[in-house]
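Please open the model in your viewer and set it to a cartoon display. The stops below say what to select and what is there.

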Amino acid sequence: EIDSDSFSLIDIPVHEKYIYRAFLVKSKLYLWDESNCLYSYDTNYYHKTLVCDMSNIISKNSVLTSIEEIADGVLLSFIGEGTFKIRSDNQEVEHLVEDVGVFAMASDKRQPIVWICTDGGGVRIYNSNESQFKQILSSQISKQINKPIRALYSDKYNRLWIGTKGNGIVRVKNYELYANGTDINPSDIETLGVSDGLLDDQ
């Protein structure tokens, strides 16, 4: 039971312009506004910083899907424009993934890599320490996957969960063995669908 007299709500103005998307990453709130500008807001110190102005880089209708922090900056993914890297030291923008759209990204809990879900291009693996990419095609994961990959999650049992749009969920055991892009052992792959209890395969 919470005593309503023991706390109070404080209204703190955060941003002046309309915010299209907001992402909470650790103690930072990332704000993507109507001007295609990205800001970070430190929730501990109530301080806002312009990360990058991308108004001249991407279109007004671009849809930001996820943000992940890396050692030397942040990664931004878009449905139509792929993935961009923004360096924290000089706000330099690098277009890392250009050939496919990106639905989601997920930082690995055990190694310095970011898993990137693409629209028809399998899974990209970005090593933030080495600033290089590797790729795992959907066909390398399972012959049954021919739909876009929409979500990724790694659990404490060293399993990678891959959510697809139309092919259910794929679970990969011992996934750290395949982070270098090598073929995945079929015995480490399990596909889950409607027959396994899912409401649908989307």
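Select Glu-69 and Val-74. Glu-69 stands opposite Val-74, which belongs to S6. Keep this pair on screen and add strand S5 (64-70) and strand S6 (73-78). The model you are looking at is predicted. S5 and S6 run antiparallel, and six bridges join them.

Next, widen the selection to the sheet. Which strands form it, and in what order? Four strands make up an open sheet, in the order S5-S6-S7-S8, with antiparallel pairing. To show the rest of it, add strand S7 (82-87) and strand S8 (93-97). Look at the edges, where S5 and S8 stand. Each of these two has a single partner strand, so one of its sides is left without a neighbour in the sheet. On average, and with direction ignored, neighbouring strands here are turned by 25° against each other.

Now move to the largest pocket. Select Lys-28, Tyr-30, Val-51, Val-74 and Ser-88, which of the 16 lining residues lie nearest the centre of the pocket. Val-74 is thus a residue you have already met, opposite Glu-69. The space in this pocket comes to about 210 Å³.

Which elements give two or more residues to the lining? Colour strand S2 (28-33), strand S4 (47-53), S5, S6 and S7 to see them. S4 gives the most, with three residues. By type, the lining residues divide into seven nonpolar, five polar and four charged.

For the next stop, go to strand S13 (residues 149-154) and select Ser-154, which lies in it. Is Ser-154 buried or exposed? Its relative accessibility is 5%, so Ser-154 counts as buried, the cut-off for that being under 20%. Then show the residues around it: apart from neighbours within four places in sequence, Ser-154 is in contact with Lys-109, Arg-159, Leu-160 and Tyr-175.

Finally, zoom out to the whole chain. How many helices and strands are there? The chain has one helix and 16 strands. Of its 202 residues, 45% are buried, and Ser-154 counts as buried too. Contacts can be viewed over the chain as well: among those with a separation of 6 or more, 35% are between residues 24 or more positions apart.

To end the tour, return to the pair at the start, Glu-69 and Val-74, and keep the bridged strands S5 and S6 in view.

Technical notes
Residues numbered from 1 in each chain as written. Predicted model: local features only at pLDDT ≥ 70, side-chain atom pairs only at ≥ 80, totals over all residues. Heavy atoms only, no water. 1 Å grid on protein atoms, 1.4 Å probe; cavity = no way out; pocket = protein on both sides within 12 Å on 5 of 7 lines; lining within 4 Å. Points joined across faces, edges and corners; volume = space filled by probe spheres on them. Nonpolar A, V, L, I, M, F, W, Y, C, P; charged D, E, K, R; others polar. Pairing = 2+ DSSP bridges. Axes fitted to C-alpha atoms, helices over the stretch in contact; angles between N-to-C directions. Buried < 20%, exposed > 50% of the residue type's maximum accessible area, 1.4 Å probe, protein only. Contact = heavy atoms within 4.5 Å.
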